[in-house]
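Subject: Model handover and notes

Hello,

Here is the model you asked for. My notes follow below it.

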Amino acid sequence: MVAIGFLLLCVMAVRRMHIKLTPQTAKYAFLSFVLLEFAGVASLGVMRLAGACSPATSFWISVGITIVGVLAVGCWLRDVEGADTITSGVFVFVAMALVAALVLLVDSLPEDVRCWVLAPVVLCQIPLYFWESAKISERETPELIRDDDYRAYLLSGLANKRFLVAGTIGLASTALVSGFLCGFSGEQPVSFGSAALVIRFLLIELICLLFVVAILRGKSRIMTVGLWITVELLAGFALVCYTAFPDSLELGAIIATVIASMMVVIVWHLSLSFMAAGWREPLYYVVVIWGIWALSHGVGRYGLTLLPMHGDSHFTGAVISLLLLVSTQIIMVKLIDVAQYAVKTNALMHLQTEVHTDDADPDTPTAYADDDAAPSALERFLGLDDDSSIPDVRHAVMRRSAEEIGRQFMLSDREIEVLALYVAGFTQKRVAAELHVTTATAHTHISRIYAKTGMHSRQELLDYISEYIDVEETPVR
């Protein structure tokens with residue numbers, strides 16, 4: 001099923017299908033996902049109560065519940081799209097802390113009762129979602145990007161594609177290691193006792209608390225470097241526990257499940273980063289990133305059992321050690337490359353901005369023109385072909401849409417130029433570079449656009465264009 005979903009995503013990427021949900025459609029989609037999730041959990045409970053639930057039936061119903069659950073989470077993430085590192089970091093770690101508490105509650109109940117407790121909890125998402133949406137819509141000013149926000153610094157510059165591709169490669173390689181660790185004990189998972197469940201819960205809560213504190217204290221690199229280091233250290237510690245205590249695999253399994261939880265946090269946070277930089281429907285990025293993690297983790301979890309010497313803890317430990325070393329090197333080398341590229345290209349961009357004036361020739365080649373090379377197949381699949389490979393017709397449509405919005409909300413000519421680039425997927429720094437103005441000037445124009453239109457994010461502008469602007473009937477000035 002995951003393979004079929006990936007095939008559909010590949011088709012969408014190759015054909016450059018541009019599907020956007022309006023705010024109303026997104027709410028209906030969220031309701032549908034939650035109701036389907038509730039129906040799956042309730043039906044599983046009924047079938048278990050009647051004794052008519054075979055292992056195969058339970059597996060496929062659980063797969064369906066997982067898929068619609070991922071889509072529901074995507075709607076939650078969609079609402080905080082564009083948030084800075086502090087907001088998005090706190091959001092994902094608080095969410096994981098709540099999920100860990102719910103998992104502890106469910107795991108501590110008898111199996112026949114779990115579904116009946118979980119079903120009403122699933123429905124509780126609906127009022128919470130609409131409450132959160134109302135709170136977000138009350139924001140009057142766009143959030144500013146802090147000078148020490150390292151993730152925002154990378155995403156706002158020309159290194160955004162490299163940063164996101166590096167994050168995706170790191171996710172896949174680390175998920176493979178995580179899968180191997182979860183499959184260390186064999187095909188059957190290790191069963192946890194009450195003490196192990198509590199220890200796992202406390203570890204997840206402690207890690208989430210430490211990260212939230214670090215984020216709030218302005219540790220800007222904690223979500224780009226610190227999170228990866230933490231996961232790699234946990235993986236090494238889990239491997240030590242497995243090999244040092246082969247008769248007590250529960251110890252290593254506890255750390256392995258904590259790693260899996262942290263990988264979910266990375267999936268959520270990386271999805272938000274893609275939403276901020278890409279032009280596709282936000283749910284597309286959620287499904288892609290989750291699919292990459294699920295496939296890599298699954299290959300590691302069940303691929304280990306196919307090795308000829310599986311069962312030998314020393315051999316298994318050596319294989320995982322090698323993969324852990326390789327994944328660590330991949331992540332660090334990629335992040336170093338991204339950081340160096342970001343410093344170089346952003347310095348060139350600032351120099352270019354200082355040299356040009358508002359009256360400069362827009363056709364003058366820039367010092368960072370090499371970044372406009374044709375996107376790779378991976379970038380197209382990840383939806384990162386926004387500003388360099390969107391067809392000219394899309395730019396024309398966005399220009400005409402911006403002009404229509406300008407007419408409706410009395411925007412200046414300069415604000416219309418900024419809006420056309422911004423809704424086409426350009427970051428604020430890239431808008432500034434294209435128009436040969438400072439980043440502060442571009443930010444001021446965007447703030448005025450938000451104030452005049454009453455909207456608060458790029459997604460709201462795109463949703464407004466999709467719902468209210470008919471570009472076919474909009475005359476070109």
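Ile169 is partly exposed, with a relative accessible area of 26%. The model is a predicted one, and in it Ile169 belongs to helix α8, which covers residues 160-182. Lys334 is 165 residues away from Ile169 along the chain, yet their C-alpha atoms are separated by 8.7 Å. Once neighbours within four places in sequence are set aside, the contacts of Ile169 are Ile330 and Lys334.

That pairing of distant stretches fits the overall count. Of the contacts between residues at least 6 apart in sequence, 81% join residues at least 24 apart. The protein has 20 helices and zero strands. It is 477 residues in length, and 50% of them count as buried.

Helix packing

One helix pair I looked at is α4 (residues 85-107) with α11 (residues 249-277). Their axes come within 10 Å and cross at roughly 145 degrees. The crossing of α4 past α11 is right-handed. On the α4 side the contact is made by Ser88, Gly89, Val92, Phe93, Ala95, Met96 and Val99; on the α11 side it is made by Ser261, Met262, Val264, Val265, Trp268, His269 and Leu272. Sorted by class, the contact has ten nonpolar and four polar residues, and no charged ones.

Salt bridges

How many salt bridges does the structure hold? There are five. Three of them are described here.

Asp463 pairs with Arg78, with the closest N and O atoms 3.9 Å apart. The cut-off for a salt bridge is 4 Å, so this pair is counted. Asp463 is in helix α20 (residues 458-468) and Arg78 is in helix α3 (residues 55-79), so the bridge ties together parts that are 385 residues apart in sequence. Both Asp463 and Arg78 are buried.

Asp107 and Arg200 form another salt bridge, at 2.8 Å from N to O. Asp107 lies in helix α4 and Arg200 in helix α9 (residues 194-216), so parts that are 93 residues apart in sequence are tied together by this pair. Asp107 is partly exposed, at 25% relative accessible area, while Arg200 counts as buried at 13%.

The side chains of Glu415 and Lys452 also meet in a salt bridge, at 2.9 Å from N to O. Glu415 is part of helix α17 and Lys452 is part of helix α19 (residues 439-453), so the pair links parts that are 37 residues apart in sequence. Glu415 counts as buried, with a relative accessibility of 3%. Lys452 is partly exposed, with a value of 38%.

A buried acid without a partner

Side chains of opposite charge can pair when their charged atoms come close. Where is the nearest side chain of opposite charge to Glu37? That side chain belongs to Arg48 and is 14 Å away; Glu37 is buried and has no salt bridge. Glu37 is found in helix α2, residues 23-50. Not counting residues up to four places away in sequence, Glu37 touches Ile65, Val68, Gly69, Ala72, Val122 and Gln125.

Gln125 is worth following from there. Gln125 is in helix α6 (residues 125-137). Is Gln125 buried or exposed? At 16% relative accessibility, Gln125 counts as buried, because the cut-off is under 20%. Beyond four places in sequence, Gln125 is in contact with Phe30, Val34, Glu37, Ala72 and Trp76. Ala72 is thus listed among the contacts of Glu37 and among those of Gln125. Val34 is 91 residues from Gln125 in sequence, and the C-alpha atoms of the two are 7.5 Å apart.

A backbone point

Most residues other than glycine have a negative phi. Met410 is not a glycine, but has a positive phi of about 60 degrees. Met410 is placed in the loop between α16 (392-409) and α17 (413-423). Its relative accessible area is 71%, so Met410 is exposed. Helix α17, which follows that loop, is the helix that holds Glu415 of the salt bridge with Lys452.

Regards

Definitions and conventions
Residues numbered from 1 in each chain as written. Predicted model: local features only at pLDDT ≥ 70, side-chain atom pairs only at ≥ 80, totals over all residues. Heavy atoms only, no water. Helix = DSSP H or I, 4+ residues; strand = E, 2+ residues; numbered from the N terminus. Buried < 20%, exposed > 50% of the residue type's maximum accessible area, 1.4 Å probe, protein only. Lys, Arg positive; Asp, Glu negative; His and termini not counted. Contact = heavy atoms within 4.5 Å. Axes fitted to C-alpha atoms, helices over the stretch in contact; angles between N-to-C directions. Left-handed = near helix turned anticlockwise from the far one by under 90°. Nonpolar A, V, L, I, M, F, W, Y, C, P; charged D, E, K, R; others polar.
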